[in-house]
Amino acid sequence: MENTPTPDMDIRDRILSILSENYTGLYYFNLDEKKIASYSLTERIASDTGKYLRESKNVLEVLNAFIDNLVHPDDRDSLRRAMNFSYVAERLANEKSFSLVFRRNFGGVYHYTEMIVHKAEKINEPAVHVAVGFREIDREYRAELERLEEEASRARLMNSSLEAQMSHLSQDVNFFTVAASSVYSLSVAANLTDDTCRVIMQSKDLPPIGNVCENGYEALIKHGLTSIPSEEDKREFYSRFSRASLLEHHKNGTRPHSFRHRHILNNGVEHWVETKVRFMPDDGSGNIHVITLDRIADSDVEQLDEIRKDKDEQIRRRDERLRMLDLVNELSSEYEVVYYVNADTRDYRAYYQKISDRHHDNDAITDAFERFRLNTILHVAQEDLSDTLIGFSEQNIRKKLSKEDKFTVFYKVFLNGEPVHYEAKFMRTAKESEDLRFIMAIRNIEAEAREQIRMQTALKDALALARSASEAKTKFLFNMSHDIRTPMNAIMGYTAMAKKHIDTPEKVIDCLGKIEIAGNNLLMLINQVLEMSRIETGKAVVSENEIDLIERSNVLMAVLSATADLKGITAVFEAGEIADRYVYTDESRVNQILTNIIGNAIKYTPEGGKVTFSLCQVPYSASKRGLYRFTVADTGIGMSEEFLPHVFEEFSRETSSTVSGIQGTGLGMPIVKKTVDLLGGEIKIKSKLGSGTTVTIEIPMKLSERSPEEKSEGEGETVRLDGHRILLVEDNMMNREIAEEILSDVGVIVETAEDGDVAVEKVKNSRPGWYDAVLMDVQMPRMNGYEATRAIRVLENKALASVPIIAMTANAFEEDRRNAIEAGMNEHISKPIDIQKLILSLSRIMKQGKTV
């Protein structure tokens, strides 16, 4: 070291600045002269020790005051001893360095701090010049303590010897800390900006590089590559420490990493060398300075390899024991007994035993496989005996665990005369060992077995139900296909016939009448399917309006009597005692129920029979509500006792239309039942095959306060539509043509619009009163009816904005009517168009001059 150049003060101070980056305080001890000097302190340390420095300039006194006032009481003696000159000299007689961890007070909280003591002399020389550094390790130390404590706690559950292993592991950690602070054997200062460098310090053991430095830093790095034997290490070394790489690090504000590599020294022997590069503080020149530091790291690598091997073995043993403990803890919560078995020695040990019964006796038998065989013969049910003996055999266990981590054997045992399901689980441990060791755990799974049987039964029932539903729907689709094709065939056939006899008015009129009947049948079929779907999905909505029950019943019976007359059937309506004939109810749904029931009665009653429809009010206790009984009795074909319980099932018909000659889908009665339930009513059926059927329906309804003498507004009056102008908004040409023809027949002047946006423009550009009403379709391509209505309602001209608008749409359900009203429409009429209803709605609006 005598020939090593001595750095100037500027370089030395900057080097010290770099080396002290990780320390809160750096001190120099001269053991011969018994002197202490302070090199650097962080602001926080300087602040804490400032008052002691003001009271005494003696550094030793300051350190003693620091110990007495800021160090944890339990750590004061050990820290004071570690800083004693004699103790330091003794510890460093044959060591390069040592360290001590103590707790230091920061703002009332103790933080772990590490003191590192390092001598400048060689290992076997007496220590004279000693560096003492302090650094904060609170976060790392506490994390390590928590980790070690957690591992130690778990280890204590298995074996107290693990505590000694954890202590040894902690010593290893301290060893790494000491090893990381070794002395550097080469230091080079470089100016990256102008690519110059010079040697600051160099050991004799390293090849001289003074002349190389004259060619610049990049030349020095490339020269260093010649002493690195590994091509891979060369590439890595250059990629880390080249001038370009370091300049890029500086630009990005990052620090270059250290690199440990193999290196050939003067004696031709290959050694491990660790190289580090550190940026020096900015000196104000704008130049970028670094220092490179090299040290021999052979001992580090050797010790690291040894420590890693020892540590890996300790961890392997610890993990295996912890795994065993975890398995035992996990299994013990649900298993009755847990055995640990060494298959090669045939020994076993019970790790856990919840109960002691005949399953777990025979403790005198020391051979594990013999015990398994004997217990199987004594206790396993006869039907499982053969399979269980094979499952528990040594040959099977070895074969299974050589391929799998675990396997399971299921069997039954008779306890108290009842078969109980058991499970034995075999799990291999210590896989890397040549010995076969495994855990066998036994548990009662009777509850699980019963649940599995229950679930299998439920699945079978569900499968049967699904098959039944599938068969029913297949049958329904078969019937539906026939029932749809029948009216469609009639419509197409009579249309062709009318064309053929176009010159015979009587024949054409007859064909058109039959087409109308077939069309109504098809519409009823479609409505039934849609209604059933809506009821089942919970989308059906009840809407109440005031009706006269007696009048509506008479009208309904008059309409249906026409069909009865054609069949030669007598149909009569009988009104019983009714105190309150005016009620609030869902007229359309009540009409649907009665039409379906009376229609069925007429449909299934042969010629010459009789259908009687009666209505009466029965006593009811609810306030302001009445209970009404509707009875439909016929002398028709009736139903069998076997079919009667299924009459309300979907798609269900006692005989198909192909057999009976009577069309139907099997949806009518299910819809009636669901609709009656929706209205809060009740339905009962009595029937006998060949003797007729009686259907009784009771529905509660809200009572109206109107008296029988009061007359509804507009009743009995007829309003002519001659001269009234209507804007018909309809995108379908055929629908537009039909509606235009209907309206023209009653004297209405019709203007048309093929889309919503056209209608808005026509209304906007008209004069007030030009249109008496707008008939608005809903589903249109560019602007639907709701959007068009809203656009009309916000027109600046209030007279135009208030023109009456009637929805005329295929959206035929109650929520569709509500949507129309919410959009600003006055009325809602569903398609196919009921001509009479359309004319009455227009008459009412025009008579009243109704606006919004």
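This report walks through a predicted model of a protein chain, from its overall make-up to a few residues worth finding in the viewer.

## The chain as a whole

Let's begin with the broad view. The chain has 852 residues, and 43% of them count as buried. Its secondary structure comes to 27 helices and 27 strands.

The outer surface that the chain exposes is about 46600 Å², with carbon and sulfur atoms supplying 51% of that area. As for how the chain meets itself, take the contacts between residues at least 6 apart in sequence: 59% of these join residues at least 24 apart.

## A stop at alanine 601

To see what a single position looks like, try alanine 601, which sits in helix H19, a run covering residues 587-603. Is this alanine buried or exposed? Alanine 601 has a relative accessible area of 2%, and because buried means under 20%, it counts as buried.

Which residues does it touch? Once neighbours within four places in sequence are set aside, alanine 601 is in contact with Val611, Val632 and Asp634. You can also look for alanine 564, which is 37 residues away along the chain; the C-alpha atoms of alanine 601 and alanine 564 are separated by 9.6 Å.

## Aromatic rings

The rings make good landmarks. A pair of aromatic rings is described by the distance of the centres and the angle of the planes. The structure holds 16 aromatic pairs. One of them is formed by phenylalanine 102 and phenylalanine 134, an edge-to-face pair with 6.0 Å from centre to centre and 85 degrees between the planes. This pair links distant parts of the chain, with phenylalanine 102 in strand S3 (residues 97-106) and phenylalanine 134 in strand S5 (residues 129-136), 32 residues apart. Both of these phenylalanines are buried.

For another arrangement, turn to tyrosine 411 and tyrosine 422, a stacked pair whose centres are 6.1 Å apart and whose planes meet at 15 degrees. Here tyrosine 411 belongs to strand S13 (residues 406-415) and tyrosine 422 to strand S14 (residues 418-429), and the two are 11 residues apart. Tyrosine 411 and tyrosine 422 are both buried. They also belong to one aromatic cluster, whose other members are Tyr339, Tyr348, Phe369, Phe372, Phe392, Phe407, Phe426 and Phe438.

## Charges over rings

Some rings have a charged partner. The charged end of arginine 81 sits over the ring of tyrosine 87, at 5.9 Å from the ring centre. Arginine 725 lies over the face of tryptophan 770, and there the distance to the ring centre is 3.7 Å.

## Salt bridges

How many salt bridges are there? The count comes to 28. Among them is the one between glutamate 33 and lysine 35, with 3.7 Å from N to O. Glutamate 33 is partly exposed at 47% relative accessible area, and lysine 35 is partly exposed too, at 49%.

Aspartate 68 and arginine 80 form another, with an N to O distance of 2.3 Å. Aspartate 68 is in helix H3 (residues 59-70) and arginine 80 in helix H4 (residues 76-82), so this bridge ties together parts that are 12 residues apart in sequence. Aspartate 68 is partly exposed at 40%, as is arginine 80 at 29%.

Arginine 135 and glutamate 114 meet in a salt bridge of 2.9 Å, N to O. Since arginine 135 lies in strand S5 and glutamate 114 in strand S4 (residues 109-119), the pair ties together parts 21 residues apart in sequence. Arginine 135 is partly exposed at 22% relative accessibility, whereas glutamate 114 is buried at 1%. Elsewhere, salt bridges with shared partners join Asp344, Arg346, Asp367, Glu394 and Arg398 into one network.

## A nonpolar patch on the surface

Our last stop is on the surface. Ile484, Met488 and Met492 form a nonpolar patch there, with about 260 Å² of accessible area together. Methionine 488 is found in helix H16, which covers residues 446-500. With a relative accessible area of 33%, methionine 488 is partly exposed, because that label covers values between the 20% limit for buried and the 50% limit for exposed.

Terms used
Residues numbered from 1 in each chain as written. Predicted model: local features only at pLDDT ≥ 70, side-chain atom pairs only at ≥ 80, totals over all residues. Heavy atoms only, no water. Helix = DSSP H or I, 4+ residues; strand = E, 2+ residues; numbered from the N terminus. Buried < 20%, exposed > 50% of the residue type's maximum accessible area, 1.4 Å probe, protein only. Contact = heavy atoms within 4.5 Å. Areas by Shrake-Rupley, 256 points an atom, 1.4 Å probe, with all protein chains shown as cover. Phe/Tyr/Trp six-rings, centres within 6.5 Å; stacked < 30°, edge-to-face > 60°. Lys NZ or Arg CZ within 6 Å of the ring centre and 35° of its normal. Patch = residues over 30% accessible without salt bridge, like charges linked within 9 Å, V, L, I, M, F, W, Y side chains within 5 Å. Salt bridge = Lys/Arg side-chain N within 4 Å of Asp/Glu carboxyl O.
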